[in-house]
Every structure is written in structure tokens, then in C-alpha cells.
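Work through the two exercises below with the sequence and the 3D structure at hand. Try each task before reading its solution.

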Amino acid sequence: MLVKKLRKFHKWPGIIISAFVILFAVSGIIMNHRGTVSSLSVSRSILPSYYTYNNWNMSAVRGSVNLSNNTSLIYGNIGVWKTPDDFKTFENYNQGFPKGIDNRKINSLVIFPETNLVAGTFLGLYKRDYNQGDWQEVQIPVDKKRIVDLIVKQDTLLVLTRHYLLKTTDLKNFQKIQLPPPVNYQRKAGLFNTLWELHSGELFGIIGKLVVDLFGLVVIILSVTGLLHFLFPKIIRKQKKAGKHVSQLIKTKRKNLKWHNVIGYVFVLFLVINTISGMHLRPPLLIAIANKQVGILPYTHMDSPNPWFDKLRRITWDESLHKYIISTSDGFFMANENLDQELIPCPIQPPVSVMGCNILESGADNTYLVGSFSGLYIWDIKNNGVYDFFSQQEYQKPEGMSRPIGANMAAGLITKKNGQTVWFDYDRGALSINSGNNSISNIFPKIPDEIVKESPMSLWNVALEIHTGRIFEHLVGPFYILYVPLAGICILIVLTSGFFIWWLAYRKNKK
């Protein structure tokens, strides 16, 4: 009786979820090898319409650099584009970047020195003389080349990666700096980052990623063999009615079931762990872990002597305080000019989404404009005050769990030469900094068709949209957010019921 019930729990959810599980597996394998697939892109025209850029949304623009006369550069997920007439028309300025949109996603762009432009991308550091030539890669002394921020301090360029700070005066010789630990440092990591690396396998290095790739192949095999086991009786009955021999089909059916069972019971525990970790990387379960810290697991990828391993996000130099302000996944910290003393946490800090700080712009009187997917805030660092930019109300830290994203998802900011400032919401695109959510078509143009055409979606990002279920938003609306947790629950039911079916049958046969 129990086995009969378990078979129902195993059969029907398995049939329903099989196609989605295969999508999970294939997209996950692609996501595990971003560098390998970075040259591959997918036209947005074949994707749902909400993946087409509209009003510079989806982090199309992160910032801008003003050059001579009315010439400026804008940069972001669209790469770098030149505007010679104060943001009226745009020219492609991506010559020299490797093939693939992923290779020209720009996090930061600065002038250094004189006529040299330096761009920090997801996959490396590049330079270009803005009067002539193309982009050229700059070799830097780190393995992980994801550049998160660039600043120029006097005659020195500071390059911030997720792990280290690099200094150079000539773009040839770099000083690699491991930042000192913070005051009262405890070797901990974010629970979100830990589960992310566990889910991808990166927690155990390249071997771990390959093992998780194997799990993906196992899931595909289990889905296919499970569907075949469901279809075999129908095929056999049909062949019998036609008067054909079915002995070979019956043998194949038994062999198919045998391999389905063997592979299932060997890998079931690993698949359960991988499923549970993945469920916590998306809302609503993400809310429970977004700000949690856990101890670093020994002998893993995260077990590094570097206290800022994978934690650095933004950096700026505050001349009046004579200190660096550094944004990390653990919050904001101050560092002395020589970077040789423990970092001091800022006493009052603006909220920053788990996705990281996107805007850190200095203003008057020791204030900063800080933006992330949690919102846009004015940070009075001198008087220890934080204010919501739009309501001007003082920020009150919520008690208990809170959403990892806010109503205003600040993705970028530019300031035109006439002083007009435009900020970019991830969903709504370009908005005036002075008029809240009002349209700014009179001061910032519609995104040109050429930029849309030249800015496809990387294969990695398409895989991410499939893996998280966002690709189905046009079918189910906001309920897509439940795709991962519901699919996860369904997968857990199929895995656990399948294991107990095998276990009960195994014990019975053994007796």
C-alpha cells in the first residue's frame, strides 16, 4: 500500500517536472562555464519582448565619462558608446573587445592618463587611446579578472577586483594589494554566497564545478529514463496488438528501469542537497538568508587567507576625510591612505542589496549618493545620517527579514555637462534625478535601434533567465517568482519518493 502511494508521488510529479528539470540541468551547466561561452550571444528578437531594451533599462547604462567639447561616453551592459553631441546621437565604441556581449559588459570607465581610457569589465581590464586605435586588453596579476570598480587618485589608477586592489601608474606594472582585515575580524562568509558556490560546485574549485555538471547530466538521464519507463507499457501494448514480438522491448524496459534505479540511488543525496541550496538562491527563501553570515568551510574555495575574498564591490577616495570608502558584501568600511591598517566599519550605513552597490557618487558636505537594487539613498557620512533620496525621510532599518530589492532598483547614474543628472532604474530605465519617476524624454533620448541591435543577450544570461524562471514571466506574470521554490519542492518529492520505492523493493528482494 505504501509503495503504491509512493509510486504515484514519484510518477506524476516526475512526468510534470521532467521538461523543466532538463532545462535546469542544461542551463546550469552553461552557467558553470561563463568564460568558455562568453563569445556566444542570443538575439533579443527571439526572446520574450520584455528582454528588449526599453528606455535604457536592464542595466544598459551604469555610468558615463565626459570628454572634450560635447563629447561623452556611456557604458554598461551595452558596452561603450560615444555621443559627440551631448547625448543626442550615439556611435559604436566597442572596437577591440573580444567577440560576445559578455566580454564588453562594463562596470567602470575612467580617463587615465591624459588621452587613455581604461575600462573594467566582467572579464578583464582594457585600455584605449580615445583619439585613435581600438580597445586592448591589459594584463593584470590576478587569476579572477572580474573588475568591479576603477578610480584615479592623482597619478595612480586603482583597480578593484572582487578579491584584490591593484595600483598602477603606467598600466604595465601593478602592485597587488590584499586589503587588511576589518576591526574585530571574524572569518565568516555570507550564507547566500556559500549556498551559491555550493549549488554551482565552485565551493570545491573546478573539480566541484565538473562534479555539479555531472549532477546535471544525471538529472537529464533520470528524466529521460523515467519518461521512457512511463511510455514503455503503452508501446508494448501497441506492438502486441499489431502482432509483433515484444520480448526485446521488455528486455530494454527492464534494463532502462535498472539503470534509472541504480543512478537514482547513487546520486539521490547529492541531488537533494543541490536542490535545497538552489531553492534558497531565489525569493522567497532568499529573504531568509540574504543577510546571514556563516563560518567559512575549511578546505573549500572560500577558505582563503584573504579576508576580502569575493567581497569587494566599490571604492572611492574621500579627500576631506583623507580615507578610502570601500563598499563590500559585508557593508561599508573606511581605510587609511596607505592601506596598511585595519579597515573600520562605517557606524551608520545605507542599505545595499545582496546584488551589490551600483552607485557610489560623492556630493557636497561629505554626502554620497548610494544606489543599489535596494533603492537610492543620500548618505551623510559626516553626521551619520541616511535618507531616502525620493522621500527625503530618514532611513529606518527594518526589523526581521526584508525584501532583497526595493521599489527603486538603482542600476546606474550619469551627469551631463550641463549638470543634468539621470539615474537608471533596472526595470523602468532612464529617469530624471530631480523629478522622481517622471519621464525624461525631453532631456534624454530614446535608446537607438542600432544599440538594441548591437546588444544581444549573452548565452550565459539566457541560461540564467531559464534557470531562475524569469523567462516564463510573460506566461505567468509575477507568479514566476514561485517557479524555483515550487519546482524545487516537486523535485524533492520525486527524489525522496523514488529512493524509498527502491529501498523498500531492495529490502523485500534481500529478504
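The exercises deal with a pocket and a sheet in this predicted model.

**Exercise 1. The second largest pocket**

Task: Describe the second largest pocket by its volume, its lining and the helices that contribute to the lining.

Solution:
- Step 1. Start with the space. The second largest pocket holds about 240 Å³.
- Step 2. Find the residues around this space. The lining consists of 13 residues, and those nearest the centre of the pocket are Phe20, Val476, Leu482, Tyr483 and Leu486.
- Step 3. Sort the lining by residue class. In the second largest pocket, 12 lining residues are nonpolar and one is polar, while no charged residue takes part.
- Step 4. Assign the lining to helices. Helix 1 (2-31) and helix 9 (483-510) each provide at least two lining residues. Helix 9 gives the most, with four residues.

**Exercise 2. A sheet of four strands**

Task: Work out the strand order of the open sheet of four strands, then look at how strand 8 is joined to strand 9.

Solution:
- Step 1. Recall how a sheet is held. Strands pair through backbone hydrogen bonds, in a parallel or an antiparallel way.
- Step 2. Read the order. The strands of this open sheet follow one another as 6-7-8-9, and the pairing is antiparallel.
- Step 3. Identify the edges. Strand 6 (106-111) and strand 9 (136-138) are the edge strands, each pairing on one side only.
- Step 4. Add the angle. On average, neighbouring strands in this sheet are turned by 30 degrees against each other, with direction ignored.
- Step 5. Examine one pair. Strand 8 (residues 124-129) and strand 9 run antiparallel and are joined by three bridges. Opposite Lys127 stands Gln136 in strand 9.

Key. Residues numbered from 1 in each chain as written. Predicted model: local features only at pLDDT ≥ 70, side-chain atom pairs only at ≥ 80, totals over all residues. Heavy atoms only, no water. 1 Å grid on protein atoms, 1.4 Å probe; cavity = no way out; pocket = protein on both sides within 12 Å on 5 of 7 lines; lining within 4 Å. Points joined across faces, edges and corners; volume = space filled by probe spheres on them. Nonpolar A, V, L, I, M, F, W, Y, C, P; charged D, E, K, R; others polar. Pairing = 2+ DSSP bridges. Axes fitted to C-alpha atoms, helices over the stretch in contact; angles between N-to-C directions.
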